Each structure stands twice: as structure tokens, then as C-alpha cells.
Amino acid sequence: WEFNGSFYQPSAFLMMGIPGLEALHHWISIPFFLLYFIALLGNGMILFIIKKTQSLHEPMYYLLSMLAVTDLGLALCTLPTTLGIFWFNIRRIGFDACLTQMYFIHILSLSESSVLLAMAFDRFVAVSHPLRYPAILAKSTIIKIGLAITLRSVLSLLPLPFLLKRLTYCKKTELSHSFCFHPDIMNLACADIKVNVFYGMIILLSTVGMDFIFIVLSYILIVKTAISLASKEECLKTLNTCVSHICAVLIFFIPMIGLSMIHRFGKNIPPLVNTLVAYTYLIIPPALNPIIYSIKSSHIRGALLRALRKKS
């Protein structure tokens, strides 16, 4: 412990696996390893296929590449500490290392939310203004969107590590998860955390909250446009192009909202529920997104099959 008058700061935190199931960690590690493997392989394949296939050099697939990069980052952020606990029972993480992991987890989560919003805008333009689609979402526009997403995430979350570093901590150093999460670290402090709570809430509502609202509004306009089409078949065909994105939105936002509610109001919720929701939020979307898009997108599926045939 570092001591400076009344200021206490732990040199390290202790992370937790799945509470109550510590004896089964080696067995539990098998599905986690498979999920991480699918996330890394699937998103890597998506990026490789889009890069190598000229016909996929379109706005929709550029945005899908951004989603794949974000998912790869999320998987790589939590993989070392999660599998480290399950395989080797390595629970200790340095204070600064914990803040660094937390910062990147939150940056990538916010980036994923922003990319999903950009993909919703892409679907809206494709459905409502198909003739102007190439002009509105030109390659230069996609690059600007990517830069804006990165700057928004990095700058808005930059104060978080410093807000945590200024706090005095109690002797309890055990985190609730196998990774570092802002509310989790904040709740270990003995000092007044009103600034952290207020800033975290403002950032959450003004970024992820607004993203979700605009995604919903985009789909209201998409459905309105689809209904106005002449035939039922055209309407269904139009909506079918949005199924993959809707699935990606649901598997990201539902666990995220659930985890935020648990950290804010779920003091009496069993620790196991908190842990499972956190794993669902950070591990399931990176693993499922490439599967969803590979199944639903005939272009990606066809490019993948051609790549496999060429390799064989």
C-alpha cells in the first residue's frame, strides 16, 4: 500500500472469476476459450475477406470492418485476465494496469456503440435514399466517421483513470469481475465518489444513451419507408437487409443496459448474476457478430467459400 498522510492507494487489485464455482474454473474455461477463439478467428476472417474482396469495398462493409476491429479489441482486452484466472488462478492485477485495462474496455465499448449507430445510418440511407447512397457515404465520409468515433471515445473517457487515481481506497481490493470496470473500482473507494458517479452517468447518457435513441429513430424511419413500398415482397426484402444489424444491436445493448442497472441499483442481486451479465456484455457480442454477418450476408459467405476453395 502507498501511504501519504490520509491518502491510501492499493498497489494491486484482486479479480474474481465466477463466484461460488471456483472449483470448476478449469471446466468453465473451455466455453470461454471457445468464445474467445471464435471472436478472434471470426473477426479476423471478416477483416481479411473484406480487404481481399474488391466487391466488398463498399460503405456497409467498411463499417462492418470497424465493428470487427472493435470486437477484436474487446476480446483481446479481457482475454488475458479472464483465462489467467480460469487456467492459472492469477487474480492479482497492478493498480495502473487495472486502470489501463478499464480505460480501453470503456473506449472500445463506446466505439462499438458509435459504430452500430453509423451502421444504422448506413441502412437508413440505403433504404430511404438508394440513388444518393454512394454520394452520401463516400469513402472519405467513412474515414471521417471512423476518426470521429475514435476521437469521441478517447477524449470523452480520458478523465476516468485520473478521477479514479485521485480517490482514497479502503483495504478491500477485490473486484467483482475478471476484468477492470469503472463502477467496480469506484465502489472500492473510501472517499466521496459523487464526481465519478456524475461524470460516468453523464458520459453514459450522452454517448451510448443517445446512440441507442438515434438507432431506434433510424429504424422507425426505415420501417416507415419499407411500409410505403408497393409490394409486400419488396418490404420484406428491404427489412431483411437490416436483420444482421438489428441482432448486433440487441446482443450489445441489452447486456450493457442490464450491467449498468445492476451496478447502479442492484445491490441485493446475487454476485453470480452480476458476473454472468458482465461476461455476456463483453464476450458474447465479439463472438456472435461475425457468425451473424457470415450467415446473413451472402456476399461475405460467398467470399469466404471462395477463399476456402482457393486455399484447398
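## Exercises on the core, cavities and disulfides

The largest nonpolar core has 80 residues, and among its members F13, L64, L116, Y169 and I185 touch the most others; such a core is a set of buried Ala, Val, Leu, Ile, Met, Phe, Trp, Tyr and Cys residues joined through side-chain atoms within 4.5 Å, where buried means under 20% relative accessible area, exposed over 50% and partly exposed in between, with a 1.4 Å probe and protein chains only. This is a predicted model, in which local features need pLDDT of at least 70 and side-chain atom pairs count only at pLDDT 80 or more, while totals for chains, interfaces and linings use all residues. Residues are numbered from 1 along each chain as its sequence is written, and side-chain values use heavy atoms, with hydrogens and water left out.

**Exercise 1.** Find which helix gives the most to the largest core, and then list what F13 touches.

*Solution.* Start with the helices, which, like strands, are DSSP runs numbered from the N terminus (helices H or I, at least four residues; strands E, at least two). Helix α3, residues 95-128, gives the most to the core, with 17 residues. Next take F13, whose contacts (heavy atoms within 4.5 Å) are R91, R92, I93, F95, C98, Y169, T173, L175, I185 and L188, leaving aside residues up to four places away in sequence.

**Exercise 2.** Describe the two cavities by their volume and lining.

*Solution.* First fix the rule: on a 1 Å grid over the protein atoms alone, a cavity is a set of points where a 1.4 Å probe fits but cannot get out, and lining residues have an atom within 4 Å of a point. Grid points are joined across faces, edges and corners, and a volume is the space filled by probe spheres set on the points. Two cavities of 30 Å³ or more are counted.

The largest cavity holds about 300 Å³, and of its 19 lining residues H106, F181, G200, L204 and M256 lie nearest the centre. Helices α3, α7, α8 and α10 each supply at least two residues of this lining.

The second largest cavity holds about 40 Å³ and is lined by N43, I46, L64, L67, A68, D71, N289, P290 and Y293. Helix α2 provides the largest share of this lining, four residues.

**Exercise 3.** Locate the disulfides and say which parts of the chain each one ties together.

*Solution.* A disulfide is a pair of cysteine sulfur atoms within 2.5 Å, and two are counted here. One joins C98 to C180, with 1.9 Å from S to S. Because C98 lies in helix α3 and C180 in the loop between α6 and α7, this pair ties together parts that are 82 residues apart in sequence. The torsion about its S-S bond is about -120°, so the disulfide is left-handed, and both C98 and C180 are buried.

The other joins C170 to C190, with 1.7 Å from S to S. Here C170 lies in the loop between α6 and α7 and C190 in the loop between α7 and α8, so the pair ties together parts that are 20 residues apart in sequence. C170 is partly exposed, at 27% relative accessibility, and C190 is also partly exposed, at 45%. With the bonded cysteines numbered in sequence order, the pairing is 1-3, 2-4. C77 is in no disulfide, and the nearest cysteine sulfur, that of C180, is 11 Å away.

Notes
On a 1 Å grid over the protein atoms alone, a cavity is a set of points where a 1.4 Å probe fits but cannot get out, and a pocket is an open set with protein on both sides within 12 Å along at least five of seven lines; lining residues have an atom within 4 Å of a point.
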